[in-house]
Amino acid sequence: VSGEQGAKAERMFALMDRFLKNDPISLQKDILDHVEYTVARSRFNFDDFEAYQALSHSVRDRLIERWHDTQLYFKRKDPKRVYFLSLEFLMGRSLSNSVINLGIRDQYADALGQLGFEYEVVAEQEGDAALGNGGLARLSACQMDSLATLDYPAWGYGLRYQYGLFRQVILDGFQHEQPDYWLNFGNPWEIERIHVTYPVKFYGTVEDETLNGGKYKVWIPGEMVEAVAYDNPIPGYGTRNTITLRLWAAKPSDQYDIESYNTGDYINAVVNRQKAETISSVLYPDDRSYQGKELRLKQQYFFVSASVQDIIRRFKDAHSNFDEFPEKVALQLNDTHPSLAIVEVMRILVDEEHLDWNRASDIVGKIFSFTSHTVIAEGLEKIPVDLLASLLPRHLQIIYSINFKFVEELKKKIGLDYNRLSRMSIIEEGAVKSIRSANLSIVCSHTVNGVSRVHLELLKANVFKDFYELWPEKFQFKTNGVTQRRWIVVSNPSLSALISKWLGTEAWIRDVELLTGLREYAADSFLQHEWKMVRKVNKMRLAEYIEAMSGLKVSLDAMFDVQIKRIHEYKRQLLNILGIIHRYDCIKNMEKSDRRKVVPHVCIIGGKAAPGYEVAKKIIKLCHAVAEKINNDSDVGDLLKLVFIPDYNVSVAELVIPGADLSQHLSTAGNEASGTGSMKFLMNGCLLLATEDGSTVEIIEEIGADNMFLFGSKVHDVPILREKGPDLKVNLQFARVVRMVRDGYFGFKDYFKSLCDTVEVGNDFYLLGSDFESYLEAQAAADKAFVDQEKWTQMSILSTAGSGRFSSDRTIQDYAENTWGIEPCPCPF
Ligand code: OX2
């Protein structure tokens, strides 16, 4: 830059300290300065939480330096960017992840130590950012970490909910929900951008306008709110690149309701303004059922509209027309929740930028890609037409036009097959006329991805069959992955150090395939010894947590047998509990002398039930009722314990996963699109007991069926079994345990009746009865393997060694190369 601007820049540069320093004294000084000037406490008197606040601000400063450099570099290079649109991001805590990715964890731990604080204790002060429900939302978070680490020019876009996922409180074994006002204590990990705002419109009417001889549609809105950006810098590991997760918050719009002030009702006018904020106030806690609620639709459009406006503004800063738009912009739809982005891009290009419809539609077809996370047709989103007509009248018109053109083209290809035409139409006729978000997404995207191989096969054969036959080339799959930075390095530092020691390098943290190098040492007794020690310490940490939380003391010699995930009938936590009842029943009926042969189990279950999901809530209560019985039975003692871990979230997972010996993934085959929890356990050397569903099928290919405990019906058996029902003769054991619950052996007889009904013959949709015997066999195989600790440890090492393919780095590289067409853009300074 030359001239006056250049001189100013030079002056600024001269005034700037060089980059913040990371030596122990500088770090201590920084922390204390933040105690004094940011937290406003005396540097001679502050507690662990205040230390956390000061520490995080000091880390934030370092993040901001890199983030500015990266953003400036992207701006200068103007590469093709990917914009990842997701209604949910489950980021968990930021501190530990940031200091690991910045490579300054140990320096900070030393600095804090010098100040008389313990890093782990201080880090524990942070609450989780829980802006999502489960697998889909955590996947977005893992993928952001990989995008940053692999230097891709990427932005995440989402909603800044004031209330994250509810907190689960258990009273008398029942789940209660409490609001999670996570911003109560401030959030140092975000940067409020009060000047990055966009108006978002709702309601109103559409009118015709003639301008320079052209005819256009003009949307006269009935309501307008302002979207304000909150930027969350996401640092990569082993790179300076730090990308942006931009979350939008709703604020009242200043421009719009001047009118209401003029009516004289000042108080009501101000109060009404506050209503705008409800749009981003609360996260919907049901992860699968679609309810057609207006607020949910408002949330979806609000975040999508602000994001699209931001993306177009950024593009226009560097380009004078839209010719290059598809070469510069890739938009990724994380499930159908952001699918209105398609319509919003059309609207802006046609109504505001005055592009011809065909040109706009050609651009849209080149920029959107869609990932489905769903297996069943009932899980697909539908927007009632009436609702859309009132909330977004212009968008409804655009959808009708898209559909009209699509159906016309389709008729040319498939003729007048009206059944098929009506199945493929974006509009569903019927009692409630609706928009099928999935059809809209498929029609307007260049690529449709599944999240595992099996998932894609199911999509092709069932839910998206008609579309697959029309456009086979659109359909791909990218098996999910998780980030080894958070799931090994942050959550299991001692295993991480051990892996680096044996591989002789830390390079696996960026290049996770290197983990296969552990295979050659799997039988080495020295590694096995060290491996066992690390695992034991992790189990100790988990046992302490269990005791602190529930008062229950558990034996470290027992197998820690874990199932943590959202509570859902298809995930079959009930199968686990019925298996535990069976185990209990066996112990009770055993000769005393035989009890010595029993492998002791600490069964750990955790997960939230959607507040309106009665069956799931009953499963939680059953778990507590069974635990109450077993844990207080002195006859059983350490042979069997059952613990429910309340308020399962990302930080609880970070504690539980490293301490697990066995983890259970029990979904009825054909129901779990991928599953990602299994990958986290696998990386941590935990053995899997699982059905052949979702990504487990690919895990088997990597680590071998003999290195895990598989059971249950296969995907193609399920429909047949549903028809024919279980074999009643072999199913006596199952009938017996269900009967125990029915007869009130664990109390609450009436309350559990309807739960028992869900697995009764003829009603057992998720096939618990059919799979029970095979489940018990897998349990027995796991017990047998656990007795031989040497063999078990070897299997554990082989699990970690084979987990490399399940890194989100691999998934993201595949998306970048084969779906988005973007390239790394590493920031050089
Ligand atoms: C979940 C899927 O249920 C799970 O199988 C998958 O691993 C995860 O998404 C990430 O792809 N809501 N959550 C999911 O799907 C939907 C819809």
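**Figure 1. Separation of domain 1 and domain 2 in the predicted model.** The centres of domain 1 (78–93 + 128–381) and domain 2 (524–804), taken over C-alpha atoms, are separated by 38 Å. The contact draws 25 residues from domain 1 and 22 residues from domain 2. On the domain 1 side, the elements that give two or more residues are β2 (89–92), α7 (135–149), β5 (164–171) and β6 (174–180). Of these, β5 gives the most, with 5 residues. By residue class, the side of domain 1 that touches domain 2 comprises 9 nonpolar, 9 polar and 7 charged residues.

**Figure 2. Surroundings of the ligand.** The ligand has 17 residues around it, of which Gly135, Leu136, His373, Ala673 and Ser674 come nearest. Both domain 1 and domain 2 supply at least three residues each to this shell. The class composition of the shell is 4 nonpolar, 9 polar and 4 charged residues.

**Figure 3. Strand β19 and its two pairing partners.** Strand β19 covers residues 559–564, and 6 of its 6 residues are buried. One face carries Met559, Asp561 and Gln563, the other Phe560, Val562 and Ile564, and both faces are covered. Strand β20 (residues 601–606) pairs with β19 in the parallel sense over 6 bridges. Strand β22 (residues 662–665) also runs parallel to β19 and is joined to it by 2 bridges. Asp561 provides a reference point for both pairings: this residue stands opposite Cys603 in β20 and opposite Leu662 in β22. Asp561 is itself among the buried residues of β19. The unit formed by β19, helix α23 (residues 573–588) and β20 is a right-handed β-α-β unit.

**Figure 4. Strand β21 and the crossover from β20.** Strand β21 spans residues 640–645 and is mostly covered, with 6 of its 6 residues buried. Leu640, Leu642 and Phe644 lie on one side, Lys641, Val643 and Ile645 on the other, and all are buried. The pairing of β20 with β21 is parallel and comprises 6 bridges. Within this pairing, Cys603 stands opposite Leu642. Helix α24 (residues 614–631) carries the chain from β20 to β21 in a right-handed β-α-β crossover. Cys603 thus links this view to the preceding one, where Asp561 of β19 stands opposite Cys603.

**Figure 5. Two aspartates with positive phi.** Asp78 lies in the loop between α3 (48–77) and β1 (81–85). The phi of Asp78 is near 45 degrees, a positive value in a residue other than glycine. Asp78 counts as partly exposed because 16 C-beta neighbours lie inside 10 Å. Asp172 is located in the loop between β5 and β6. The phi of Asp172 is also positive, about 55 degrees, although this residue is not a glycine. Asp172 counts as exposed because 9 C-beta neighbours lie inside 10 Å. The flanking strands β5 and β6 are among the elements on the side of domain 1 that touches domain 2.

**Figure 6. The three-stranded sheet of β14, β16 and β15.** The 3 strands form an open antiparallel sheet in the order β14-β16-β15. Strands β14 (382–384) and β15 (427–428) are the edge strands, each pairing on one side only. Strand β16 (residues 434–436) pairs with β15 in the antiparallel sense over 2 bridges. In this pairing, Glu428 has Ser434 of β16 as its bridge partner.

**Figure 7. Environment of Phe772.** Phe772 belongs to helix α31 (residues 768–787). Phe772 is buried because 26 other C-beta atoms lie within 10 Å. Beyond residues up to four places away in sequence, Phe772 touches Asn731, Gln733 and Phe734. Trp189 is 583 residues from Phe772 along the chain, and the C-alpha atoms of the two residues are separated by 47 Å.

Definitions and conventions
Residues are numbered from 1 along each chain as its sequence is written. This is a predicted model: local features need pLDDT of at least 70, side-chain atom pairs count only at pLDDT 80 or more; totals for chains, interfaces and linings use all residues. A residue is buried if 20 or more other C-beta atoms lie within 10 Å of its own, exposed if 12 or fewer, and partly exposed in between; C-beta atoms are placed from the backbone. Helices (H or I, at least four residues) and strands (E, at least two) are DSSP runs, numbered from the N terminus. Two strands pair if DSSP finds at least two bridges between them. A crossover is right-handed if, with the strands pointing away from the viewer, the path from the first strand over the helix to the second runs clockwise. A residue is near a molecule or strand if its C-beta atom, placed from the backbone, lies within 6 Å of it. Ala, Val, Leu, Ile, Met, Phe, Trp, Tyr, Cys and Pro count as nonpolar, Asp, Glu, Lys and Arg as charged, and the others, Gly among them, as polar. Domain bounds come from an automatic or database domain assignment. Two residues are in contact if their C-beta atoms, placed from the backbone, lie within 7 Å.
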